[in-house]
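Reader: I should be grateful for a close look at a single part of this structure, followed by an account of how other parts are packed.

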Amino acid sequence: MHPAEAPPTEGLLGHPAPPVEPTTVVPLAPPVPETKGLLAPEPTPEPLPAAGRPATGRPEAERPVRRRSVAEDTLTPEEWRAAGYTPPTGIPVPDLTAGAPGEAPWPDRMRTLLRTPMSERPAFERTARELHPSAAATRNVPRILDLTLRIGELLLASGEAAEDVEAAMLGIAHAYRLDRCEPQVTFTLIGISYQPSLVEPPVTADRVVRRRTSDYTRLDAVYELVADITAEKVTVNDAYRRLAVIRRNRHPYPAWFLALTTGLLAGAATFLVGGRLDDKAWLVFASAFVAAVLGDRLASALARRRLPEFYQFVAAAMPAAASGIILSFNDWGLRGSVVITGGLFALLPGRALVAAVQDGLTGFYITAAARLLEVIYLVAGIVIGVMVILYLGVGFEANLRPDESLAGVSYPPVQMVAAMVLTLAFATLLQTDRRTLALVTVNSGIGWASYGALVYNAGVNPIAATGVAAGLVGLFGQLMARYRNGSALPYVTAAIGPLMPGSALYLGMLAFAQGHSSAGLVSVFRAAAIAMALAIGVNLGGEIARLFMKLPVGAERPSLYPAVPRRAAKRTRGF
C-alpha cells in the first residue's frame, strides 16, 4: 500500500483508527453572547440524534473546543462583590490595612470587621515574617481554630459581651492568616468556621462553655494575650504556653478573705441605705456582716454538694432576712429592714444584668435572652429565700418598717464613703487585680456623686438619675480600660454596685408578704426599671466613649482615605 493511502493513525501507539462513515457536516451554532459575572445563563445544549452521535457528525474528540481567555476567567472586584464573594486578594481598604497589625487597638479594628459582611472585608497587610513563603506551609488550621475557641471560652466565661468575644476570635484568626473566618457566639456554645477558598469545604469547630468564673485578673491576662497575638508578636505555640499559664494561675485572693469581703459589702450597704452614723448603725453593720458571711458559707457548702446555683442563692439570702427579723423584735430601733436590704446588695447579679442588656443592644438576641433568663432565675432564688423568712416574721408580728431603708441621699459624706467601700468589696469579690482597685473605686465615687447631685440637689427622678450616673460610670470605665489596654468590665461592673435597686426589691417583697399585692407589683416594676436604666446607661456610656477613642489608621485623613464606620448591629430601621 502506498504511504499516501495508509489509514490515519491515532496517538503514539500507531493503532489504526476505525473507519468513519461519511456524513454531512452541520455548521456550529453561532456563539452565545458573553455575559460577565458568575450568574451568567448557561447555553442550551443541542439535542443528540437517536444514534447518540454528536449533531456535528464528527467524533467528540475532534470537535473544536472554544477556550476562554485568562481575562475572561478573572472577574473584576465589582463583579465579585455583586456575586456576593470576596476576591482571593481581598478588598483593599487603606484605613484598615495601613499599619495593621498593631496601629489601632484590636477591639476597634475587629468590631469594624465584625460588622462588615464577608464580601466587603478587607485583607490586612502582613509583616515580613507572615509574608514568607513558608508561613502558609507551616500553618495548622485546626490548631489555630482550637486556640481561638479556647481564648473565646475564657472571655465568655468571665462575663464578656458576645460582640467582644467574637471580635477577639476574629482578631486571632486574622493574625494567623485565616482571613475568611466567621465566629459565632451564643450563651453556652461558641464556634468558628474557616473557608480556605470558594471551591474548598469550610473547616468548622465549636466548644461548649460549661463553667463560668468571675476572675477579672484572668480576664486582663487574656486581653493582654489577644493584644500580643493581633500585633503578630506571638506564635501559635507561644500563645498555647501563655494560655496554659493563665489557666493554671490561682485566684489572687483566698477563700477566707472573700468571705470576709462579702460581710464588708453587706455592712457598707447598711450605711448606704440607712445613711446614719451612730451606735445603732454599728450594731446593724455587725449584724449584716455576720449574716452575709454565714450566707456565703451556706452557698459554698451547697456548691460543694453540686447543687444548682438557684438553690445557692436561696440559702445565701436567708441569713440576712433572719437577722433583720430578729433585730425587729424589740423597741430599740435597730432598723432590721436595713439589714435585709444590705444583704440584697451582696447578692444581686449586676454583672449578668449588664452583659444581658449589652448583648441585646448589640444584636445578639439569643445570648441576651439566655443571660436575662439567668438573671431572672437568680433574682427569683433571692426572692424565695427572703420571702420565706419574711412570711415567718410577719406571722410572728415582726416590727418591719420599710421607711428605714429609704433614707435616700440624706447624709452625703457617710453615703459617699459607704458607696466607695461597697465598690471596693465588690471588686475584690470579682477577683479584680490589685492595681485596678483604686481606679474602680474612683469611678464608683463619680457615679454615686452624680446620682446624689441629681436626686438631692436637682430633684431628678431616681430612675433617670440612675441612668445618667450609670452612663458616666460606663464612659469613664471605657476610658480607663483604654488607658490600661484591657477590658472595661473590671472598671464598670463593681462601680455600679451602689446603684443597684436593693431597696426597691425589698419593698416589693415586704409588700407581698404583708398581703399588699398592688404595692408589691409597683415596687417590683420600679426595681426592674432601675435595673434596666442601669444597664442601658452603662452601655450608652461605653458607646459614647468610643467616639473619642483612636480610630484605625487612615480614618483621620478623610481627604485621602474613606473612613469605614462601625456598622449597626443588625438593622437600622424598624423593618
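Is Asn539 buried or exposed, and what is its relative accessibility?

Author: In this predicted model, Asn539 belongs to helix 21, which covers residues 517-547. Its relative accessibility is 12%. Because residues under 20% relative accessible area are classed as buried, Asn539 counts as buried. Leaving aside residues up to four places away in sequence, Asn539 touches Gln358 and Leu361.

Turning to the nonpolar cores, one finds that the largest has 114 residues. Within this core, Ile151, Ile229 and Val386 touch the most other members. The greatest contribution comes from helix 6 (residues 141-157), with ten residues. For Ile229, the contacts are Ile151, Ile172, Ala175, Tyr176, Val234 and Ala239, again with residues up to four places away in sequence not counted. There is also a second, separate core of six residues, among them Ala352, Leu353, Ala531 and Ala535.

A further example of packing is given by helix 12 (residues 309-327) and helix 13 (residues 336-345), whose axes lie 7 Å apart at an angle of about 170 degrees. Since angles over 145 degrees count as roughly antiparallel, the two helices are roughly antiparallel to each other. Helix 12 makes the contact through Ala320, Ala321, Ser323, Gly324 and Leu327, while helix 13 supplies Gly336, Val339, Ile340 and Gly343. Sorted by class, this contact comprises five nonpolar and four polar residues, with no charged residues.

Key:
Residues numbered from 1 in each chain as written. Predicted model: local features only at pLDDT ≥ 70, side-chain atom pairs only at ≥ 80, totals over all residues. Heavy atoms only, no water. Axes fitted to C-alpha atoms, helices over the stretch in contact; angles between N-to-C directions. Helix = DSSP H or I, 4+ residues; strand = E, 2+ residues; numbered from the N terminus. Parallel < 35°, antiparallel > 145°, perpendicular 65-115°, else oblique. Contact = heavy atoms within 4.5 Å. Nonpolar A, V, L, I, M, F, W, Y, C, P; charged D, E, K, R; others polar. Core = buried A, V, L, I, M, F, W, Y, C linked by side-chain atoms within 4.5 Å. Buried < 20%, exposed > 50% of the residue type's maximum accessible area, 1.4 Å probe, protein only.
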